[in-house]
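Colleague: I am new to this structure. Can we go through it in short steps?

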Amino acid sequence: MAGSEPAESDSLESGKLEEVVEEPVYRRESFAALRRNNVAPRQLRVVTLNAWCLPQPWPIGSTDRVHRLSKIGEYMIEELYDIVGLQELWSYHDFVKLSEQCSSVYPYFHYFHSGFTGSGVCVFSRHPIVSTLTSRYSLNGFAHHIHRGDWFGGKVVGLTEVEIDGDLRVNFYTTHLHAEYDRENDLYLPHRTSQSFELAQFVRHTSRSADVVIVTGDLNMEPCDLGFRMILSHAKLFDAWRMSHEVENDEADGGELLKYRGIAKGGTCDRPDNCYTKRALKLAVSAKKDESKRIDYILFKSGRCNVKLEECEITLNQIPGEQMNYSDHVGLRARFTIDDRFRHERSVNTWEPNRPLLIEAIGIVSGGERRARTDRIFFLILAAICLILILGSLFFEVFPMGFAVLRFALTVVGVFFVWQGLIGLTLERKALKAAKQAMQQILNN
C-alpha cells in the first residue's frame, strides 16, 4: 500500500486524476432477464410415455416389444419434441438401440442406471444436457415379491438439466413410482407414499435455480390419491392435463373414484381402446363403466422464467395403419410458452393446504412401520420352523438323498427368512421412520 502513495500524489500534482474502472460482475440471473426482454417468447414441447418394454420372453416379457419400440422411435423423429421422457425401458440394449435410431434428431440422451434390471427411466433431448442427477427411492417394494419386480428395478427420480439457446436452463425430471396392484388391499401404499414425499422434496430442493421446472412420469397414482396431491402441494407444481381440461363434476355410480376415471377424463392406462388392456376391463365399458386410469402426468411450474401452458393432450395411442398400440399406456404431450408476461402462480393458486396431507401421510407411513415389525416376528418364526425341520430330518435314515435335498432347500429358505427378518425389514422400518420424521419436521416448522 505504501508504494502506491507516490503515484497517487504525482497524478494529483499534474492535475490528472486517474479514473478507477472496476470490472463489472455479471450475474446469470440479470443476463438471462435482459436477454429474455429482447427475444420473442420461446416454445417448449415435451412428451412422456410408459413404453412397457420388458425384455424377458413371453409370458413375462412385453408383447411386440421390438416392433413397438421401433415405432416409438419413428414417432419421436417425426414430432420433433424438445425433450422426451420414457419409463419402463428396462433393457439398456433397448435404450442404446433407440438412441441410435433417433440420434440425428435427439443427439443428447441419458439412461438412469439403478437396481438389478435398471430403472427403466431415460431422457432424450434436442438440446444439450449439461448435468444429471439420480435419486433412488429409499423404499421399492420387497425382494421376495419376485412376481412384482419393483424391488429389482430400483425405482428412481432422474433429473436432467437441459440448456436451451445458451441461457435457458430447464430442470426436466422423469420418474416411475411403485405400482398399485390391489387398491382395496394395497400392501405397497406406505412405500408409494414415502416415494411421493421424497419426489416432492427432491424437486423442491433441486429446482430453486432452474428457469423452468417440468416433472414427467408414471406415478401410479390417480388425481384423488394422497401421494399425488402431496406432490402438487409440497413442490408447488401444476397438473398440465388438469389445467388444460375442464373437470366434469358428474355424480358417477361407484363412488368418488370413478369421477376421475375414463377416456374423456384423461385416462392413460387400462383404456378400452388399447389392444393390450385386459379383457375384463374392456367388457366393463359395455356396462358403461370406463375404468381408464389417469396415472401418467406432466407437472410444471415457473422458475426464474415464467411458463404458460398452451396445451396438454393424449398421444402415442394407436400406431397409424396398424391394429396395435405403442404401449399398454398412452403418452402425454404438452406445449409451453416461456414468457415473462404470463404467470400461472398468480392467476391459479389451487394447491391444497400441505399440513393435512402430511398428517395423513404420517399415518400411512406409521401403519407401514407397524406392519414391518409384525412381519419381522413372522419371518423369524418361519426361520425357526425351518431349523426345527432340518434338525428333525437328521433322525431319519430312509431316503438319504431325498432328505439331503430337503435339508438343502430348507437351509436356503431359512437363510432368506433370517435375512428378511433381521436385515430386510429393519432397513424398511428405518426408511419409513426417516420419511415420517422428515414429514414431522416440516409440520413442526
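Modeller: Start with a term. A residue is buried when its relative accessible area is under 20%. Keep in mind that this is a predicted model.

Colleague: Is Glu-428 buried or exposed?
Modeller: Glu-428 is found in helix H12. The cut-off for burial is under 20% relative accessible area. Glu-428 has 5% relative accessibility, so the residue counts as buried.

Colleague: Which residues is Glu-428 in contact with, leaving aside its neighbours within four places in sequence?
Modeller: Contact means heavy atoms within 4.5 Å. With those neighbours left aside, the partners of Glu-428 are Leu-139, Phe-142, His-191, Arg-371 and Ala-372.

Colleague: Let us step back to the whole chain. How many helices and strands does the protein chain have?
Modeller: The protein chain has 445 residues, and buried residues make up 49% of them. Its exposed area is about 22,800 Å², with 57% supplied by carbon and sulfur atoms. Its secondary structure comes to 12 helices and 12 strands.

Colleague: What share of the contacts with a separation of 6 or more joins residues 24 or more positions apart?
Modeller: Take the contacts in the protein chain with a separation of 6 or more. Residues 24 or more positions apart account for 74%.

Colleague: Back to H12. How is H6 oriented to H12, and which way does the crossing go?
Modeller: H6 covers residues 189–206 and H12 covers residues 400–444. Their axes come within 10 Å and cross at roughly 50 degrees. The two helices are therefore oblique to each other. H6 passes H12 in a crossing that is left-handed.

Colleague: Which H12 residues make that contact with H6?
Modeller: From H6 come Pro-190, His-191, Ser-194, Phe-197, Gln-201 and Arg-204. By class, the contact of H6 with H12 has 7 nonpolar, 3 polar and 2 charged residues. The H12 side is made by Glu-428, Leu-432, Ala-435, Ala-438, Met-439 and Ile-442.

Colleague: What is the orientation of H11 to H12?
Modeller: H11 spans residues 354–393, and its axis lies 8 Å from that of H12. The angle is about 160 degrees. Angles over 145 count as roughly antiparallel. That makes H11, relative to H12, roughly antiparallel.

Colleague: How do the residues of the contact of H11 with H12 divide by class?
Modeller: H11 passes H12 in a left-handed crossing. The residues of their contact divide into 25 nonpolar, 9 polar and 11 charged.

Colleague: Now H7. Why is H7 described as largely enclosed, and which elements are included in its cover?
Modeller: H7 runs over residues 226–235, and 9 of its 10 residues are buried, so the helix is largely enclosed by the rest of the structure. Those buried residues include Leu-226, Phe-228 and Leu-232. Their cover includes H6, strand E9, strand E10, H11 and H12.

Colleague: What phi does Lys-236 take?
Modeller: Lys-236 comes just after H7. Its phi is positive, about 55 degrees.

Colleague: Last pair. How are H6 and H7 oriented to each other?
Modeller: Their axes are 9 Å apart, and the angle is about 20 degrees. Their crossing is right-handed. Angles under 35 degrees count as roughly parallel. H6 and H7 are therefore roughly parallel.

Colleague: Which H7 residues make the contact with H6?
Modeller: H6 contributes residues including Thr-193, Phe-197 and Arg-204. The contact of H6 with H7 divides into 7 nonpolar, 5 polar and 1 charged. On the H7 side are Gly-227, Met-230, Ile-231, His-234 and Ala-235.

Notes: Residues numbered from 1 in each chain as written. Predicted model: local features only at pLDDT ≥ 70, side-chain atom pairs only at ≥ 80, totals over all residues. Heavy atoms only, no water. Axes fitted to C-alpha atoms, helices over the stretch in contact; angles between N-to-C directions. Helix = DSSP H or I, 4+ residues; strand = E, 2+ residues; numbered from the N terminus. Parallel < 35°, antiparallel > 145°, perpendicular 65-115°, else oblique. Left-handed = near helix turned anticlockwise from the far one by under 90°. Nonpolar A, V, L, I, M, F, W, Y, C, P; charged D, E, K, R; others polar. Buried < 20%, exposed > 50% of the residue type's maximum accessible area, 1.4 Å probe, protein only. Areas by Shrake-Rupley, 256 points an atom, 1.4 Å probe, with all protein chains shown as cover.
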